[in-house]
Amino acid sequence: MITGSFNKGTPQRTCVGCRQRDDQGAMVRVTRNGSCLLVHRTKRLQGRGAYLHPRSSCLTKAQKGGLSRSFRTAIPNNSFVEIREQILEMRSEGSDE
Ligand SMILES: [Zn+2]
């Protein structure tokens with residue numbers, strides 16, 4: 001089935017913060033390793049992951065529930081501190097936006 005011109009091959013993902021759909025490339029991917037969170041630029045990675053816009057407001061919303069829901073477990077606060085730093089680093093390197 002062909003679904004019009006909306007999807008031109010860029011995968012759409014839902015942000016666990018603001019719950020809006022966006023291009024996968026506009027987001028970072030968050031994966032869980034035990035109680036540790038890891039942030040990746042979106043590439044092909046195996047395993048369970050959540051997508052998040054690399055901005056503070058989305059991270060805050062994700063912290064309030066989106067990510068715990070995605071991973072079906074409570075995420076410690078210090079894990080959010082860590083990924084916030086990683087995301088901010090990515091932002092300062094990147095030139096998109
Ligand atoms: Zn978002």
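1. The largest nonpolar core of this predicted model holds 17 residues, and among these Val16, Val30 and Leu52 touch the most other members. Two or more residues come to this core from each of β3 (28–33), β4 (36–41), β5 (49–52), α1 (56–71) and α2 (77–93), and α1 gives the most, with 4 residues. As background to this point, nonpolar side chains in soluble globular proteins tend to be buried together.

2. Leu52 deserves a separate remark, since its contacts can be listed in full once residues up to four places away in sequence are left out: Cys15, Val16, Gly17, Met27, Val28, Val30, Cys58, Leu59 and Ala62. Of the residues in that list, Val16 and Val30 are also named with Leu52 as touching the most other members of the core, while Cys58, Leu59 and Ala62 are buried residues of α1.

3. Turning to the overall arrangement, the protein chain contains 2 helices and 5 strands, and from the N terminus on these elements run β-β-β-β-β-α-α. Buried residues make up 25% of the 97 residues in the chain. If one takes the contacts between residues at least 6 apart in sequence, 52% of them join residues at least 24 apart.

4. Three of the strands form an open sheet in the order β4-β3-β5, with antiparallel pairing; β4 and β5 are the edge strands, each of which pairs on one side only. From one strand to the next, the twist in this sheet averages 30°. The antiparallel strands β3 and β4 are joined by 6 bridges, and Asn33 stands opposite Cys36 in β4. In general terms, the strands of a sheet pair through backbone hydrogen bonds, either parallel or antiparallel.

5. The helix α1 packs on this sheet, where it touches β3 and β5, and the direction of α1 makes about 160° with that of β5. The buried residues of α1 are Cys58, Leu59, Ala62, Gly66 and Leu67, and three of these, Cys58, Leu59 and Ala62, are touched by Leu52, a residue that lies within the span of β5 (49–52).

6. A reader who inspects α1 along its length should look at Gln63, where the helix bends by about 70°, and then at Arg72, which follows α1 and has a positive phi, near 55°.

Methods:
Residues are numbered from 1 along each chain as its sequence is written. This is a predicted model: local features need pLDDT of at least 70, side-chain atom pairs count only at pLDDT 80 or more; totals for chains, interfaces and linings use all residues. A nonpolar core is a set of buried Ala, Val, Leu, Ile, Met, Phe, Trp, Tyr and Cys residues joined through C-beta atoms within 7 Å. A residue is buried if 20 or more other C-beta atoms lie within 10 Å of its own, exposed if 12 or fewer, and partly exposed in between; C-beta atoms are placed from the backbone. Two residues are in contact if their C-beta atoms, placed from the backbone, lie within 7 Å. Two strands pair if DSSP finds at least two bridges between them. Axes are lines fitted to C-alpha atoms, for helices over the stretch in contact, and angles run from 0 to 180 degrees between N-to-C directions. The bend at a residue is the angle between axes fitted to the seven residues ending there and the seven starting there.
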